[in-house]
Amino acid sequence: MHSLIKTTTINRPIQEVFDFFSKAENLNKITPPDLQFQILSPLPISIKKGTLIDYKIKINGISFKWRTEISEWELNKRFIDRQVKGPYKVWIHEHTFEERNEITYMTDHVQFLSPGWILEPIINKFFIEKKVKAIFEYREKTLAHLFK
């Protein structure tokens with residue numbers, strides 16, 4: 001299993017930041033354009049524990065349908081989305097939120113495993129790991145712009 005941890009500082013109160021992440025349609029704003037990300041589930045989506053969300057993305061030119069489930073939901077604190085079906089063998093993404101002096105510190109902790117059986121370490125090293133890091137770097141820059 002591979003892991004990525006990224007903390008983003010957002011100069012807004014936690015309630016405002018959590019509200020932004022509680023709206024699935026905002027994923028379009030923070031996902032790199034080259035992924036051609038589309039939400040397939042009808043909008044708006046009421047996010048809570050057990051919510052299923054269907055997407056379509058393109059990774060390295062290949063289209064994938066992706067379904068995630070919100071497996072944990074704690075208002076203004078944290079939530080976890082887990083892949084039910086999609087391009088990864090395992091995808092678990094925990095978002096945690098902490099506020100100090102009206103500044104929100106949002107931490108993404110992603111655990112993932114690519115398909116590929118014995119070739120998985122090679123596939124991850126040369127393709128997947130770089131892509132996952134780039135996605136979260138893009139998100140950080142975009143969030144800084146959105147929450148000026």
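I started at the E4-E5 turn: the two strands make a hairpin with three residues between them, and asparagine 76 in that turn has a positive phi of about 60°. Note to self: this is a predicted model.

**Entry: E4 and its two partners**

I followed E4 outward from that turn. Strand E5 covers residues 78-85, and seven bridges join E4 to E5 in an antiparallel run. I looked up one pair and found isoleucine 70 bridged to aspartate 81 in E5.

On the other side I checked strand E3, residues 52-59, against E4, residues 62-74. They are antiparallel too, with eight bridges. Two pairs went into my notes here. Leucine 52 has glutamate 69 of E4 as its bridge partner, and isoleucine 57 stands opposite phenylalanine 64 in E4.

E3 and E4 also form a hairpin, this one with two residues between the strands. I read off the phi of asparagine 60 in the turn, and it is positive at about 50°.

**Entry: E6, E7 and E1**

Next I moved to strand E6, residues 90-100, which pairs with E7 in the antiparallel sense over eleven bridges. What sits between these strands in their hairpin? I found two residues, and asparagine 101 takes a positive phi near 55°. So much for turns; I have an asparagine with positive phi noted for E3-E4, for E4-E5 and for E6-E7.

Strand E7 runs over residues 103-113 and pairs with E1 through nine antiparallel bridges. Glutamine 111 in E7 came up twice in my lookups: it is the bridge partner of serine 3, and isoleucine 92 stands opposite it.

**Entry: the sheet as a whole**

With those pairs in hand I wrote down the strand order. Seven strands form an open sheet, E1-E7-E6-E5-E4-E3-E2, with antiparallel pairing. Which strands are at the edges? They are E1 and E2 (38-39), each pairing on one side only.

I then counted elements for the chain and got three helices and seven strands. Along the sequence the pattern reads β-α-α-β-β-β-β-β-β-α, and I kept that string beside the sheet order for reference.

**Entry: threonine 8**

I picked one residue in E1, the strand of residues 2-10: threonine 8. Is threonine 8 buried or exposed? Its relative accessibility is 4%, so I logged it as buried, the cut-off being under 20%.

I also listed what threonine 8 touches, ignoring neighbours within four places in sequence. The contacts are Thr104, Tyr105, Met106, Glu140 and Leu143. Thr104, Tyr105 and Met106 fall in the residue range of E7, 103-113.

**Entry: whole-chain numbers**

I checked the radius of gyration against the globule rule. For 148 residues a compact globule would come out near 15 Å, and the chain has 15 Å, so the two agree. The C-alpha trace spans about 45 × 30 × 25 Å along its principal axes.

Burial: 41% of the 148 residues count as buried. For contacts with a separation of 6 or more, I noted that 47% are between residues 24 or more positions apart.

For the surface, I have about 8,600 Å² accessible, with 54% of that belonging to carbon and sulfur atoms. Last, I looked at charge. The chain carries 23 positive and 18 negative side chains, and the centres of the two sets are 6 Å apart.

Methods:
Residues numbered from 1 in each chain as written. Predicted model: local features only at pLDDT ≥ 70, side-chain atom pairs only at ≥ 80, totals over all residues. Heavy atoms only, no water. Helix = DSSP H or I, 4+ residues; strand = E, 2+ residues; numbered from the N terminus. Rg over C-alpha atoms; globule rule 2.2 N^0.38 Å. Buried < 20%, exposed > 50% of the residue type's maximum accessible area, 1.4 Å probe, protein only. Contact = heavy atoms within 4.5 Å. Areas by Shrake-Rupley, 256 points an atom, 1.4 Å probe, with all protein chains shown as cover. Lys, Arg positive; Asp, Glu negative; His and termini not counted. Charge placed at Lys NZ, Arg CZ, Asp CG, Glu CD. Pairing = 2+ DSSP bridges.
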